[in-house]
Amino acid sequence: MSAQLAAYTTSTGEAFQFWVLGSVAVIGALACVFMKKAVHSALCLAGTMIVLAVFYLANGAYFLGIVQIVVYTGAIMMLFLFVVMLVGVTAADSLKETIKGQRWLALLCGLGFGILLFAGIGNASLTESNGLAQANANGNVEGLAALIFTKYVFAFEITGALLITAAVGAMVLTHRERTERAKTQRELSEQRVREGKHVPPLPAPGVYARHNAVDIAGLLPDGTTSDLTVSKTLRERGQIRDVSAEALNDLKALEQRAEDRLERAAVEPPNLKRTEEASK
């Protein structure tokens with residue numbers, strides 16, 4: 001009787017953990033939907049997955065918690081980020097629907113997911129819980145494997161098929177058919193000469209700027225920045241760190257020290273001559 005009561009009771013620490021981490025998970029899920037940038041949405045989704053992993057670990061599902069972090073948060077989320085970078089999702093992309101009725105289909109899928117979620121919660125609330133001791137009698141990994149490959153094998157195979165389909169779809173989206181022959185290096189150099197563009201190789205980032213980072217523009221001899229030393233993408237994003245003011249100040253200080261030294265050098269010879277005449 002005490003074991004059954006322990007399965008249905010919640011301690012203060014568990015309740016505090018649930019409400020705090022649950023709020024973080026809900027906020028991350030909402031941010032994943034409403035964020036404008038795809039990269040920010042993916043990072044919010046990664047945070048939600050980490051919170052779910054903590055829930056698994058707190059409930060004794062150690063294998064699921066580790067898999068949630070290593071596989072989903074580590075591997076699949078990195079796959080999402082790579083796909084976003086390769087496809088190049090930007091705010092300038094067209095918002096016109098290419099598949100008719102996809103909003104109604106998404107609404108129907110969301111409604112079905114909500115029904116399954118409430119059904120699962122109702123089933124867990126009405127039925128009696130076996131408890132962690134009985135579920136992990138032979139070990140958490142063995143108990144989980146028995147459920148996956150017996151009772152839930154069909155759902156497991158469908159999930160694997162969806163992941164494979166997502167990987168194939170990512171490769172299809174990133175593939176670009178070449179419509180013309182790629183130019184050789186000689187042809188590209190001849191084209192630059194004919195167009196009067198920058199013929200030699202571009203200068204490296206951070207030249208004369210005391211830094212060699214890609215987001216720091218190189219400095220010309222007069223201390224001004226050179227746009228050729230940074231990527232065009234970074235310039236359009238406004239992600240260039242400016243060190244020209246610091247360099248100009250250092251240059252002015254160096255020129256001032258040089259002038260002071262030249263003035264002292266110009267003044268010293270007459271004094272030396274006077275001392276030599278006095279000695280004679």
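**Helix contacts, core and ring pairs**

Leaving aside residues up to four places away in sequence, Ser 41 touches Ala 31, Cys 32 and Met 35. The model examined here is a predicted one, and Ser 41 makes a handy starting point for a first look at it. Ser 41 belongs to helix H3 and is buried, its relative accessible area being 11%.

One of the partners of Ser 41, Ala 31, leads to helix H2. This helix runs over residues 12–34, and its 23 residues should span 33 Å at 1.5 Å a residue; the end C-alpha atoms are indeed 33 Å apart, in agreement with that expectation. The buried residues of H2 are Gly 22, Ala 25, Gly 28 and Ala 31. Helix H3 (38–58) is included in what covers them.

Another partner of Ser 41, Cys 32, brings up the cysteines. Cys 32 has 22% relative accessibility and therefore counts as partly exposed. The cysteine sulfur closest to that of Cys 32 is the one in Cys 44, 6.8 Å away, which is too far for a bond. Seen from Cys 44, the closest cysteine sulfur is in turn that of Cys 32, so the 6.8 Å gap rules out a bond here as well. A disulfide, after all, is a covalent bond between the sulfur atoms of two cysteines. Across the whole structure, the search finds zero disulfides.

Attention now turns to the nonpolar interior. The largest nonpolar core is made up of five residues, namely Ala 42, Ala 46, Met 49, Met 77 and Leu 81. Two or more residues of this core are given by each of H3 and helix H4 (62–87), and the largest share, three residues, comes from H3. Within the core, Ala 42 touches both Met 77 and Leu 81, again not counting residues up to four places away in sequence.

The aromatic residues complete the picture. Three aromatic pairs are present in the structure. In one of them, Phe 18 and Trp 19 meet edge-to-face, with 5.4 Å from centre to centre and 75 degrees between the planes. Phe 18 counts as partly exposed at 46% relative accessibility, while Trp 19, at 61%, counts as exposed. Phe 18 also pairs with Phe 55: the ring centres are 6.1 Å apart and the planes stand at 40 degrees, so this pair is tilted. Because Phe 18 lies in helix H2 and Phe 55 in helix H3, the pair ties together parts that are 37 residues apart in sequence. Phe 55 counts as buried, at 17% relative accessibility. Through ring pairs, Phe 18, Trp 19 and Phe 55 are linked into a cluster.

Key
Residues numbered from 1 in each chain as written. Predicted model: local features only at pLDDT ≥ 70, side-chain atom pairs only at ≥ 80, totals over all residues. Heavy atoms only, no water. Helix = DSSP H or I, 4+ residues; strand = E, 2+ residues; numbered from the N terminus. Expected span 1.5 Å × (residues − 1). Buried < 20%, exposed > 50% of the residue type's maximum accessible area, 1.4 Å probe, protein only. Contact = heavy atoms within 4.5 Å. Core = buried A, V, L, I, M, F, W, Y, C linked by side-chain atoms within 4.5 Å. Disulfide = S-S within 2.5 Å. Phe/Tyr/Trp six-rings, centres within 6.5 Å; stacked < 30°, edge-to-face > 60°.
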